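Student: I would like to go through this structure and ask where its descriptive words come from.

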Amino acid sequence: MVLDPPKQKVNVTRMIIYSIIPILGIYAAWRIQKFWLLLILEFAMSIAVGATLVPLGMIAPELISVVAFPIGIVINILLVKHFAEKYNEKLEGSLWNL
């Protein structure tokens, strides 16, 4: 059984802070109903960074996580901010349509 999050507006700042902390980032993605999309985007981003930097000789394979982790955090913050704002807009629109 999958539990759906409550249909209430989210605090965008709180969701951004949650997205920085790995375990709470899962909650933030679930709360704005974009868990699977964010998971796929993060996985694709990590593959892209590794596939781009290693063959070009820009960075040793052992140091890829040192570069990929900060890039991943920034991208995750931007995605969560975008999706949280869209989630709130969607809920505002549905409240007016009742």
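Tutor: Start with the whole: 28% of the 98 residues in the protein are buried, meaning under 20% relative accessible area, with exposed over 50% and partly exposed in between (1.4 Å probe, protein chains only). The model is predicted, so local features need pLDDT of at least 70 and side-chain atom pairs pLDDT 80 or more, while totals for chains, interfaces and linings use all residues. Residues are numbered from 1 along each chain as its sequence is written, and side-chain values use heavy atoms, without hydrogens and water.

Student: What makes Asn 76 count as buried?

Tutor: Its relative accessibility is 15%, so Asn 76 falls under the 20% limit and counts as buried. Asn 76 is found in helix 4 (residues 64–96); a helix is a DSSP run of H or I of at least four residues, numbered from the N terminus.

Student: Which residues does Asn 76 contact, leaving aside neighbours within four places in sequence?

Tutor: They are Ser 19, Leu 38 and Glu 42, where contact means heavy atoms within 4.5 Å. The side chain of Asn 76 also reaches the backbone oxygen of Ser 19 at 3.3 Å.

Student: Why is helix 1 called oblique to helix 2?

Tutor: The axes of helix 1 (residues 12–20) and helix 2 (residues 22–31), lines fitted to C-alpha atoms over the stretch in contact, come within 5 Å and cross at roughly 140°, on a scale from 0 to 180 degrees between N-to-C directions. That angle makes the pair oblique, because under 35 degrees is roughly parallel, over 145 roughly antiparallel, 65 to 115 roughly perpendicular and the rest oblique.

How values were computed
Helix = DSSP H or I, 4+ residues; strand = E, 2+ residues; numbered from the N terminus. Polar contact = N/O pair within 3.5 Å; in protein donor to acceptor, adjacent residues only side chain to side chain.
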